[in-house]
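Hi,

Here is the structure I promised to pass on to you. Have it open while you read, and my notes on what turned up are just below.

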Amino acid sequence: MKTLCQAPAKILLSGEHAVVYGSPGLSMAVNLMTLCQVSFCPQDPPFIEIELVDYQQKHAFPFPLWKKLAINIESRFHLYQQEVGSINTVLQHPIDLILVIMDHFHHAYRLKQGHWSIKIQSHPYPSRGLGSSAAVILSLLKSLVTHQSLNISNTDLLALAKTIESRQHGRSSGIDPTSILHGGLLRFQHHRPVLPLETHGFKGWLIDTGVAHTSTGQAVEAVAKKFKHNHPIWQKFTDVTNRIQTACETENGEALRKSIAENHTLLCEIGVIPQKVINFIAQLNKLPCTSAKVCGAGAVAGQAAGMVLCISPQAPQAICETYGYHFMPLEISSQGVFCHILESDL
Ligand SMILES: C[C@@](O)(CCO)CC(=O)[O-]
C-alpha cells in the first residue's frame with residue numbers, strides 16, 4: 001500500500017504558553033501543508049527507509065538499529081525529566097523525531113514487520129511556531145494507522161501525539177496536534193472538550209520574522225523557570241482569550257484587535273518576544289484597524305520570533321519592506337490532517 005497524508009500548519013490567536021498551565025487557547029489551522037508519503041511491503045525484510053526532503057537526508061534502519069536509537073532518545077528524555085539535561089538534548093537530529101514516532105506507535109499498536117518507506121516534506125516555514133513537529137507527528141501517525149487499518153479514536157491518537165510532542169516541547173499542552181487533527185478555528189483547554197468556532201470573515205496576514213533562535217521547548221522551559229503554575233499572569237491570558245473568542249463570535253473587529261494587542265503585551269511580559277519584533281509590532285499597531293502578535297511560542301534569545309499574525313484589512317507591505325520581512329495572506333484550513341490511499345494492496 002502507498003499513502004499520502006497532508007497536515008495543515010497551525011497558528012495561535014491566543015493562549016500560547018498559558019495553555020501549558022491549564023488556561024484555554026484559541027488555535028487556527030492554516031493552509032501550509034506538510035506532506036507524508038508512506039509505502040509498505042510486507043514481504044521484504046524488516047527495514048525502515050526515511051527521506052527528509054527539507055534536510056536533503058536519506059536514512060535506512062534495520063529494525064534493531066531503529067529500536068536502539070529510539071531507546072537512547074528515551075533515555076535522554078528521562079534525564080531531561082530529572083532536570084539533568086535541557087530539552088534540546090533530547091531530539092538532537094531531525095531524524096530523531098521520526099524514530100520516536102515509529103517507536104511510540106510500535107509500543108502502542110505493534111508496527112507491522114516489513115519494508116517501510118517514508119518521505120516527509122514540510123511547508124517552507126519550519127521553526128516559525130507553526131506546529132511543524134505536530135504536523136510531522138500527526139501526518140506520520142495517520143499514515144501508519146491507515147496502513148495497519150486500525151480503528152483509533154481521536155482521543156487516543158491525540159494522547160499519543162502529545163506524548164511524542166513532549167520529546168520536542170518538554171511540556172506539550174497538546175494544542176498543536178489538536179488543531180492540526182481537527183482543522184478550522186477551535187478553543188482548546190486541558191480536560192475540556194474541544195470547541196470548534198466559526199471563522200466568519202476573518203482577514204489577516206502572516207509575516208515571517210525568521211527562524212526563532214530558540215526552539216519551542218526552550219521557550220517553554222525558560223517561561224516555566226520564571227512563571228509558576230499559580231502565577232496571576234495565566235488568569236490574565238485566560239481573560240484575554242475569552243475576550244478574543246467573544247470578539248470572533250460576535251464579529252466585533254475592534255474588540256478583536258484590542259484583545260490581540262493585549263495578548264501581545266502579555267507575551268512581551270513573559271519574555272518570549274525579541275526587541276526587534278516588539279518594535280515591528282509597535283509600528284504595525286499604529287496603522288488604522290490593525291493589530292498584531294506572534295502566533296507561536298516566540299523566542300527567548302535572538303531577534304527573530306517566527307510568524308507574526310497581523311489582523312488588518314490592508315496588506316502590511318511598507319513596514320514589512322522596511323524590516324525585510326516576507327508576508328502572505330492568512331488562509332484558514334477548514335480540514336485537518338487527511339490521508340489518500342495512492343495504491344492499495346488489492
Ligand atoms: C508554547 C505552546 O504553548 C504552544 C506552541 O505552539 C506549547 C504548547 O502548548 O505545547
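Let's start at the beginning of the chain, where Leu-4 sits opposite His-340 of strand 12. Keep in mind throughout that this is a predicted model. Leu-4's neighbourhood is strand 1, and strand 1 pairs with strand 12 (residues 338–343) in the antiparallel sense, over 5 bridges. Strand 1 also pairs with strand 2 (residues 25–41), again antiparallel, this time over 11 bridges. One spot to click on there is Thr-3, whose bridge partner in strand 2 is Val-38. Is strand 1 mostly covered or not? Mostly covered: 12 of the 13 residues in strand 1 (residues 2–14) are buried.

A reminder in case it helps: strands of a sheet pair through backbone hydrogen bonds, either parallel or antiparallel.

Next, have a look at an open sheet of 4 strands, in the order 9-10-8-11, with antiparallel pairing. Its edges are strand 9 (291–294) and strand 11 (326–329), each of which pairs on one side only. From one strand to the next, the twist averages 25°. Inside the sheet, strand 8 (residues 204–208) and strand 10 (residues 307–311) run antiparallel and are joined by 5 bridges. There you'll find Leu-206 facing Leu-309 of strand 10.

Two helices pack on this sheet. Helix 8 (residues 253–269) touches strand 9 and strand 10, and its direction makes about 35° with that of strand 9. Helix 9 (residues 275–285) touches strand 8, strand 9 and strand 10, and its direction makes about 160° with that of strand 9.

Now for helix 4. It has 16 residues and reaches 21 Å from its first C-alpha to its last, close to the 22 Å expected. Its buried residues include Leu-157, Leu-158, Glu-165 and Arg-167. Which helices help to cover the buried residues of helix 4? Among them are helix 1 (63–81), helix 3 (132–147) and helix 6 (216–226), along with helix 2.

That last one deserves a visit. Helix 2 (residues 94–109) and helix 4 (residues 154–169) pack at an angle of about 140°, with their axes 10 Å apart, and the crossing is right-handed. On the helix 2 side the contact includes Leu-97, His-104 and Phe-105, while helix 4 brings residues including Leu-160, Ile-164 and Arg-167. The residues of this contact divide into 8 nonpolar, 3 polar and 2 charged.

Finally, just after helix 4, look for Gly-170, which takes a positive phi of about 80°.

Have fun exploring!

Terms used:
Residues numbered from 1 in each chain as written. Predicted model: local features only at pLDDT ≥ 70, side-chain atom pairs only at ≥ 80, totals over all residues. Heavy atoms only, no water. Axes fitted to C-alpha atoms, helices over the stretch in contact; angles between N-to-C directions. Left-handed = near helix turned anticlockwise from the far one by under 90°. Contact = heavy atoms within 4.5 Å. Nonpolar A, V, L, I, M, F, W, Y, C, P; charged D, E, K, R; others polar. Expected span 1.5 Å × (residues − 1). Buried < 20%, exposed > 50% of the residue type's maximum accessible area, 1.4 Å probe, protein only. Pairing = 2+ DSSP bridges.
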